[in-house]
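Student: I should like a close look at one part of this model, set against the chain as a whole.

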Amino acid sequence: MNNKMQDYDLQQRLVNFSAEVIKNVNALHKNYAAEHLIKQLIRSASSSALNYGEAQSAESRKDFIHKMKVCLKELRESQVNLEILNQANLIQFPHKFEFIIKENKELVAIFTTSIKTSSQKRI
């Protein structure tokens, strides 16, 4: 598989992840804490996809790695947010979040590996 196809697949996964978060926030209990976390989850999930788009136009390897680290930071923020929602029993329909939680973990692993690989490559 060529790099363009892999880039597209990862971008599409990030877009799908963000869209799934947006589509399924109605499966959460509604209260002050949940509303706060929901807004932050939508921001961090969508930010990972948006920042990945920026990474594809990086001006240098250093810029690319920096932007990928921003994506990873946003994905980790989403992951912690989902853990808080889960532990606080704010997920009303857990089955709707199974894909989101699994995909978030996989994306964190992909970005961690990609950053490590990109950082180790010689110029």
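From the N terminus on, how do the elements of the chain run? Please then examine the surroundings of E74.

Tutor: The model is a predicted one, in which local features need pLDDT of at least 70 and side-chain atom pairs count only at pLDDT 80 or more, while totals for chains, interfaces and linings use all residues. Residues are numbered from 1 along each chain as its sequence is written, and side-chain values use heavy atoms, leaving out hydrogens and water.

From the N terminus on, the order is α-α-α-α; the chain has 4 helices and 0 strands (DSSP runs numbered from the N terminus, with H or I over at least four residues for a helix and E over at least two for a strand). The C-alpha trace spans about 50 × 25 × 20 Å along its principal axes. Among the contacts with a separation of 6 or more, 79% join residues 24 or more positions apart, a contact being heavy atoms within 4.5 Å.

E74 belongs to helix α3. With a relative accessible area of 12%, E74 is buried, because the term covers values under 20% (exposed is over 50%, partly exposed in between; 1.4 Å probe, protein chains only). Setting aside residues up to four places away in sequence, E74 touches S44, S47, S48 and N51. Helix α2 covers residues 32–55, and these four partners carry numbers within that range. L41 is 33 residues from E74 along the chain, yet their C-alpha atoms are separated by 9.3 Å.

L41 also leads to another set of contacts: apart from neighbours within four places in sequence, L85 is in contact with L28, L37, L41, L90 and I91. L85 is one of the residues with the most contacts inside the largest nonpolar core, together with L14 and F111. That core has 30 residues (a nonpolar core is a set of buried Ala, Val, Leu, Ile, Met, Phe, Trp, Tyr and Cys residues joined through side-chain atoms within 4.5 Å). Each of α1 (3–24), α2 (32–55), α3 (61–87) and α4 (98–120) supplies at least two of its residues, and α2 gives the most, with 8 residues. In soluble globular proteins, nonpolar side chains tend to be buried together.

In the chain as a whole, 37% of the 123 residues are buried. E74 is among the buried residues, although as a Glu it counts as negative.
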